[in-house]
Amino acid sequence: MGATGTAAGARSGTLPVMTAEDREATRAYYDEFGDAEWNRLVGDVAGRVSLEVHRRFLARFVQPGARVLEVGAGPGRFTTELAALGATVVVTDISPVQLGLNERYVGSTEAEAAVERRELLDVCDVSRFAEGEFDAVLAYGGPLSYAFEETEAALRGLLRITARGGVVVGSVMSMLGTWRYQLPGVVKVAAAFGEEANDRVLATGDLRHLAGSAHVCQMFRAGGFADLVSAAGGRTLAMSASNWASLGDPDVLADLEADPDRWTRFLEHEVAACAEPGAADGGTHILFAAEHA
Ligand SMILES: C[S@@+](CC[C@H](N)C(=O)[O-])C[C@H]1O[C@@H](n2cnc3c(N)ncnc32)[C@H](O)[C@@H]1O
């Protein structure tokens, strides 16, 4: 079943439609989330592995000298990585607070030399940019998980501004992996919002079925997301889960991380496992690289 399937019923029985309020709620959520976003990928072992999986995936597709549009850049974990890969970056985000944090965290480092400029941008509207003006577009950490019904159009827009031979790299929230990893929370959600609402979320990945929920986003199935890439005129070059074994027992992972040799080996196995086709839906996020079809 496609990731954005249309399960019967949604907010109070109507089908979900992307509204200006949804967009404003996302901006407000990330404005308020603020500095916590800077710590998301370093605060625990799973986060640190996720950072490594995303970092290595990115390095496969960005060449030195590339001009990159970073969408939903947040405070700049991957702005810094793009700079280290020798790219120049137009840094963008829908949240002015996140853009300010990007300036704060990246601005005081040597990575700042790679930043062309910073500006507010909604992933759903890249009309200000010229066709093929970037060698690559990066949308890590889920800006495309907030485009809802506009995801296919947003992907088409990102491909339009990417040069022929260039690549769109991103990551979105995974429905099946999140369900597995967050099962205790999902059971609580079903109790709070009702089993039917929970059925709709599992069928569609759309958290807007949880009416009144503080944070809503679209989760995807890998196959459904690849279908959206195709519909947008793209071809999926690669996919990867984030994470796989590192979503397991935190105590075991802490022991592994404390031993540099075992940790290096574990990371190699983990990154390879995440890239297996059979693992694509198994993590909390799905990474993708797409080119023009
Ligand atoms: C989870 S953070 C990821 C930050 C960074 N890319 C990373 O991976 O560490 C998601 C970011 O996407 C931004 N965002 C959410 N919806 C967006 C949209 N419609 N257009 C552009 N950015 C968006 C948020 O403001 C936030 O900074």
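UniProt positions are given in the numbering used here, feature names are shortened, and annotations may be inferred rather than shown by experiment. On that basis, the unreviewed UniProt entry places the feature "domain: Methyltransferase" at residues 68–166. The model is predicted: local features need pLDDT of at least 70, side-chain atom pairs count only at pLDDT 80 or more, and totals for chains, interfaces and linings use all residues. Residues are numbered from 1 along each chain as its sequence is written, and side-chain values use heavy atoms, without hydrogens or water.

Helices (H or I, at least four residues) and strands (E, at least two) are DSSP runs, numbered from the N terminus. Residues 68–166 are 30% helix and 26% strand. The end C-alpha atoms of this stretch are 10 Å apart.

The ligand has 20 residues around it, each with a heavy atom within 4 Å. Gly72, Asp93, Asp122, Val123 and Tyr140 come nearest. The shell holds 10 nonpolar, six polar and four charged residues. Here Ala, Val, Leu, Ile, Met, Phe, Trp, Tyr, Cys and Pro count as nonpolar, Asp, Glu, Lys and Arg as charged, and the others, Gly among them, as polar.

Three side chains place an N or O atom by the ligand, judged by a cut-off of 3.5 Å between N or O atoms. For aspartate 93, the distance to a ligand oxygen is 2.6 Å. For aspartate 122, a ligand nitrogen lies at 3.1 Å. For arginine 40, a ligand oxygen lies at 3.4 Å. The protein covers 98% of the 600 Å² of accessible area that the ligand has on its own (Shrake-Rupley method, 1.4 Å probe).

Asparagine 243 sits in the loop between strand S6 (234–242) and helix H11 (250–258). The peptide bond joining serine 242 to asparagine 243 is cis, with omega about 5°. Phenylalanine 148 belongs to the loop between strand S4 (134–139) and helix H6 (151–160). Its phi is positive, near 45°, in a residue other than glycine. Most residues other than glycine have a negative phi, and most peptide bonds are trans.

Conventions. A polar contact is a pair of N or O atoms within 3.5 Å; within protein, one must be able to donate a hydrogen and the other to accept it, and residues adjacent in sequence count only if both atoms are side-chain atoms.
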